[in-house]
Amino acid sequence: MSDELPSTIDELMAIDPLELSKRSEAAYEKYITAVIAYHRNQRAAREAGTKAKSKTTTHVTNEALKSLVNKLKPAAVKSPVGTGIRRI
Amino acid sequence: MDAQIDESKLTTGVLSPFLPGTRIQYAWDSTSLGMLKTCPRLYQYVMIEGWGSREESVHLRFGIEYHKTIEDYDKAKAAGAKHTRAMNEAIGKCLIRIWDWDPDTDTPAGKYKNQNTLLSLLVDYFDTFISDAAETYIKADGTAAVELSFRFELDWGPQAAGGELEYVDGQAVAEGPTPAQSYLLCGHLDRVVTFNDSLFVMDHKTSKTTLGDYFFDQFHPNNQMTLYALAGKMVIHAPLAGVIIDAAQILLEKPNAFKRGMTYRTKEQLDEWLADLEYWLRQAEAYATAGHWPMNDTACDKFGGCRFREVCSKSPQVRKIYLKSNFDQLPMEERWNPLKER
C-alpha cells in the first residue's frame, strides 16, 4: 500500500482518517501533517493579503504538499499571551 | 499553588433535569438559565418542548469539536508532549471525528462553520498560543484541569419538592426540613489555568464578530461568567481571580484573530447573583406549574435575532405549524440537558 498523498485538499479530506490510522501509522501521521501544513499555508497566504481560495476550488499540488510535509517550519510565534490580556 | 479540585463537585451520570412527572427544572446551567432570563417562551421551546434547528446544530457541533480538540491538546501538553506532538494528536483525533461532518456551506452557519474553517481555526489557535503564559492547572491526581463538568446544590429547592423559603431581613433562608430535591447548578469549565500566579477559569469562545470592547463588554455582567466564577470557587478550594475569555474570531479572507479578556466578580457580586437566582427559579417554577411561559417581546432582536422570531410573529393558533416546518422536536436524549457530561 502506497503512502502517497492525493494532490488536492478535497481529495485529502476525502480520505477516511480512521481507516488510514488502522492501515498505516506512518501514512496517518503524514496525512495529519499535510492537513496542518495546508492550513498554515492558507494562513500565510491570508497574511500576505492573498484572497484565500474556497475549499472547492483550492488545488494543492502533490509536490507542494510533499514540500510542506518535508519542510515544515516551526509555527510563527506571536506575542505572548501576557501582553494581549486585559481587564474588561 | 495551594489548591485542589473537589471531585465531589464534578458530574457523573445523566438524569432528567426535571422533577419526575413535572416540567419543573431542578438542575440548571448557564444556557437554560440564560434562556429563561432572556425569554420564557424561548426557554419553553428549547428546554420544555425540545425544538431544535439544523442551523443550530452546526453551531453546536462546531463548538463541541473546537472545545474537544483544544481539550485533547491541553491534556497531551500537560502529560508532557511537545507542541507539535500534542497538536498532531489533537488534530488527528479531530479529523477522525469530523470526517463525515458535512454542513451545507451555502447556509450562513455552514459558510463560517464547517470542516475547513474548524481546522483552520484550530491550527491558528495552537500556533498562536505555542508559548502560552496561561498554564493548565494540574489536579492532585496529576491530570490536567480541563473540561471539568461540575454540579453543586443550593440549600433550597423547588417548592414542589418541599423547598420552602422564608425571608428574614430581606434574605431568603431555607425553612423546615431539607427539600427532597435541592436545586443544582451545573456546567462545564473549559480549563483552569494559572496566570501571573493566580488561578483563573478559562472559557473558549468562537465568534464571527470583531474581538473589541463591544465583544468583551458582554461578559460583565454576564450570567454564564458569574456562574463560572462561582463554580470555580466551589470546585477549586482556593481563591479564584476570575474568568479569562479566550476568544477566537472566525475569518474567511483574513487570518483568524485571537484575543483574551479577563472578567472578575467580587464576593458581593456573587452573593447578589445568587440572591437574584432565587427569584428567577421561583418564577420558573411558577411558569411550569401554570404551564405558561410568557413571551418577552423586547428580546426578539437580541443577539442577531431570536431563532424563534418567525414563529412568535405568527398568530398563536398557527404557531405549531411553523414550529414543525422550521424545527425538529428532538428526542429526550438529544435535548439540552444540564446534567449531561461532555
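Buried means under 20% relative accessible area, exposed means over 50%, and partly exposed lies in between. The exercises below use these classes on a predicted model.

**Exercise 1. Classify Asp72(B) and find its salt-bridge partners.**

Step 1. The relative accessible area of Asp72(B) is 9%. The cut-off for buried is under 20%, so Asp72(B) counts as buried.

Step 2. One partner is Lys68(B), whose side chain meets that of Asp72(B) at 3.4 Å, N to O. Both residues belong to helix α3 of chain B and stand four residues apart, about one turn of the helix. An α-helix has 3.6 residues a turn, so residues three or four places apart point the same way. Lys68(B) is partly exposed, at 30% relative accessibility.

Step 3. Another partner is Arg97(B), in a salt bridge of 3.5 Å, N to O. Because Asp72(B) lies in helix α3 and Arg97(B) in helix α4 (residues 83-98) of chain B, this pair ties together parts 25 residues apart in sequence. Arg97(B) has a relative accessible area of 24% and is partly exposed.

**Exercise 2. Place the pair Asp301(B) and Lys302(B) among the salt bridges, and list the network joined by shared partners.**

Step 1. Over all chains, the structure holds 21 salt bridges. One of them joins Asp301(B) to Lys302(B), with the closest N and O atoms 3.9 Å apart.

Step 2. Asp301(B) is exposed, with a relative accessible area of 52%. Lys302(B), at 43%, counts as partly exposed.

Step 3. Shared partners link Arg61(B), Glu65(B), Lys68(B), Glu71(B), Asp72(B), Lys75(B) and Arg97(B) into one network of salt bridges.

**Exercise 3. Compare the span of α3(B) with the expected value, and describe what borders the helix.**

Step 1. The helix has 25 residues and reaches 36 Å from its first C-alpha to its last. This is close to the 36 Å expected at 1.5 Å a residue.

Step 2. Ser53(B) sits in the loop between β2 (51-52) and α3 (54-78) of chain B. With a relative accessible area of 16%, Ser53(B) is buried. Leaving aside residues up to four places away in sequence, Ser53(B) touches Asn326(B) and Phe327(B).

Step 3. Just after α3(B), Gly80(B) takes a positive phi of about 110 degrees.

**Exercise 4. Describe the geometry and setting of two aromatic pairs in chain B.**

Step 1. A search of the whole structure finds 16 aromatic pairs over all chains. Among them, Phe200(B) and Tyr264(B) are edge-to-face, with 6.3 Å centre to centre and 65 degrees between the planes.

Step 2. This pair links distant parts of the chain, 64 residues apart: Phe200(B) is in strand β8 (residues 198-207), and Tyr264(B) is in the loop between β10 (257-263) and α9 (267-290). Phe200(B) is buried at 3% relative accessibility, whereas Tyr264(B) is partly exposed at 24%.

Step 3. Phe215(B) and Phe219(B) also form an edge-to-face pair, with centres 5.4 Å apart and 70 degrees between the planes. Both Phe215(B) and Phe219(B) are buried.

**Exercise 5. Identify the aromatic cluster that includes Phe129(B), and find charges that lie over ring faces.**

Step 1. The cluster is made up of Tyr66(B), Tyr73(B), Tyr125(B), Phe126(B), Phe129(B) and Phe258(B).

Step 2. Over the face of Phe129(B) lies Arg260(B), at 3.8 Å from the ring centre.

Step 3. Lys314(B) lies over the face of Tyr322(B), at 4.5 Å from the ring centre.

Terms used:
Residues are numbered from 1 along each chain as its sequence is written. Chains are lettered from A and ligands numbered from 1 in the order in which they are written. This is a predicted model: local features need pLDDT of at least 70, side-chain atom pairs count only at pLDDT 80 or more; totals for chains, interfaces and linings use all residues. Side-chain values use heavy atoms; hydrogens and water are left out. Helices (H or I, at least four residues) and strands (E, at least two) are DSSP runs, numbered from the N terminus. Buried means under 20% relative accessible area, exposed over 50%, partly exposed in between (1.4 Å probe, protein chains only). Contact means heavy atoms within 4.5 Å. Rings of Phe, Tyr and Trp (its six-membered ring) pair if their centres lie within 6.5 Å; planes under 30 degrees apart count as stacked, over 60 as edge-to-face and the rest as tilted. A charge sits over a ring if NZ of Lys or CZ of Arg is within 6 Å of the ring centre and within 35 degrees of the ring normal. The expected span of a helix is 1.5 Å times one less than its number of residues. A salt bridge is a side-chain nitrogen of Lys or Arg within 4 Å of a carboxyl oxygen of Asp or Glu.
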